[in-house]
Amino acid sequence: MPVEEKYDLIIVGAGVAGVFTGYFAVEKGLKTLILEKNTSPDGATPRSGGVVTRMMDNPLDSELAAESIKIIRDVLGNNKEIIRDGYISIEDMDDAERDLEKFRSLIPDIEILDAAEVRSRWSYIKLYHDEVGLYSPSDLTLNPFKLLVYMWDRLRDMDVDLRLGEKVERLIIEDDMVHGVETHDNTRYYSDKVVLTSGPWNREILRLHGISLNVWLIGVPIFKFKVDVKDMIGVWDENIYSYWRPDNGYWIGGVYDSFPIDKADNGFRKPDKEAMKRILEGFRYRFEFNQWKLIDSWSGPISISHDYKPICREIKGVRNLYVVDGLGGRGLMRGPALAKMLIERITTQ
Ligand SMILES: Cc1cc2nc3c(=O)[nH]c(=O)nc-3n(C[C@H](O)[C@H](O)[C@H](O)COP(=O)(O)OP(=O)(O)OC[C@H]3O[C@@H](n4cnc5c(N)ncnc54)[C@H](O)[C@@H]3O)c2cc1C
């Protein structure tokens with residue numbers, strides 16, 4: 001017999017958006033159920049680069065990243081297993097001076113380091129011509145797989161009902177209002193409020209109910225190098241658009257590269273030879289290590305809204321059904337802040 005249970009809030013998907021939505025929901029005293037179809041972290045989040053910087057190309061994303069950094073530090077404290085402090089953007093001097101002005105109020109500790117200073121601190125970074133480093137000691141990179149493992153444990157400790165291996169097949173919608181969800185084995189869970197945080201899978205769930213979400217899906221490749229340096233810092237390369245995160249002797253990074261996909265599951269394929277060539281060029285251009293080796297590569301699906309802005313709202317025409325989506329390649333920077341905003345909105349309505 002299917003079980004029937006009632007919650008204040010049901011969250012579908014336990015990636016970065018889902019775990020922080022759950023965290024803030026419980027803080028507000030909501031009896032919360034999170035349903036996650038996998039039994040270990042396996043969506044876009046654990047496949048991501050792990051960069052969380054406020055040095056973004058638009059003010060909204062910089063503000064969201066600032067709030068997300070605050071949240072991550074509040075929730076995880078000084079967890080050195082997961083978080084690494086500091087991020088540097090390698091740019092031409094003119095651009096760095098302009099960006100310094102742009103970010104100074106949001107990132108009080110931001111500074112320009114000249115090439116000699118960058119080399120003296122991080123000897124594996126190569127700089128050319130009039131390049132300098134725009135450095136923030138308080139931006140961060142994190143290990144996104146470990147972040148989810150930590151958050152799943154933390155949510156359980158907070159009495160969130162986190163159920164793994166439970167795939168939501170459909171929503172229960174009646175009279176233009178959501179009433180709960182139904183899982184793969186026909187179990188029904190009831191709540192008057194449901195948040196979809198299934199990342200690139202949101203679109204498929206909504207489509208079943210004739211609801212369209214204006215997002216594109218793409219697959220994004222990423223690469224893992226073993227290097228002979230341990231104490232490293234996250235790097236953004238403004239000149240060839242590559243990003244890098246250190247992970248205890250590993251160097252994980254990507255160039256801005258993608259392939260179109262029609263459904264999220266197709267975003268998991270191995271990067272092709274061309275992508276491999278581009279990352280090796282980017283790596284060799286920017287770094288010099290005594291010893292290094294490309295040891296792994298993978299891809300992950302991401303969804304991007306048609307206006308590139310994140311989606312965090314009630315679904316039109318279905319009361320109390322909310323969605324967080326369109327996080328693009330910025331979900332760690334956007335997700336925690338949006339989760340907090342959404343729960344504020346839901347609980348003050
Ligand atoms: C290669 C790569 C590099 C990236 N680098 C960065 C970066 O450096 N910084 C950054 O900020 N962002 C980065 N991103 C983007 C970031 O990973 C995403 O924006 C973010 O992870 C999306 O989070 P999410 O919670 O919306 O989705 P997801 O993490 O995909 O979470 C959705 C969850 O829902 C579950 N789910 C799906 N369908 C169902 C269902 N029917 N029932 C139950 N559960 C379901 C999935 O299993 C998954 O766990 C990168 C992405 C990729 C692919």
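**A walk along α2 and β13**

Begin by selecting Pro59 and Asp74 in helix α2: both are exposed, on the other side of the helix from its buried residues. Keep in mind as you go that this is a predicted model.

Now widen the selection to the whole of α2, residues 59-76. With 18 residues at 1.5 Å a residue, the helix should span 26 Å, and its end C-alpha atoms are 25 Å apart, which agrees.

Next, colour Asp61, Leu64, Ala65, Ser68, Ile69 and Ile72, the buried residues of α2. Turn the view to look down the helix axis: these residues fall within an arc of 145°, so they line one face of α2. The spacing fits a general rule: an α-helix has 3.6 residues a turn, so residues three or four places apart point the same way.

What lies over that buried face? Show β4 (51-52), β7 (131-142) and α8 (331-348), which are among the elements covering it. Before leaving, click on Gly77, which follows α2 and has a positive phi, near 60°.

Our second stop is strand β13, residues 215-227. Which strands pair with it? Select β18 (residues 292-305) to see an antiparallel partner joined to β13 over 13 bridges. Then add β16 (residues 250-255), also antiparallel to β13, with four bridges, and β17 (residues 259-260), which runs antiparallel to β13 and is linked to it by two bridges.

Zoom in on Ile218 to finish. Its bridge partner in β18 is Ile302, while in β17 its partner is Pro260. Further along, Phe223 stands opposite Gly253 of β16.

Notes
Residues are numbered from 1 along each chain as its sequence is written. This is a predicted model: local features need pLDDT of at least 70, side-chain atom pairs count only at pLDDT 80 or more; totals for chains, interfaces and linings use all residues. The expected span of a helix is 1.5 Å times one less than its number of residues. A residue is buried if 20 or more other C-beta atoms lie within 10 Å of its own, exposed if 12 or fewer, and partly exposed in between; C-beta atoms are placed from the backbone. The arc is that of the directions from the helix axis to the C-beta atoms. Two residues are in contact if their C-beta atoms, placed from the backbone, lie within 7 Å. Two strands pair if DSSP finds at least two bridges between them.
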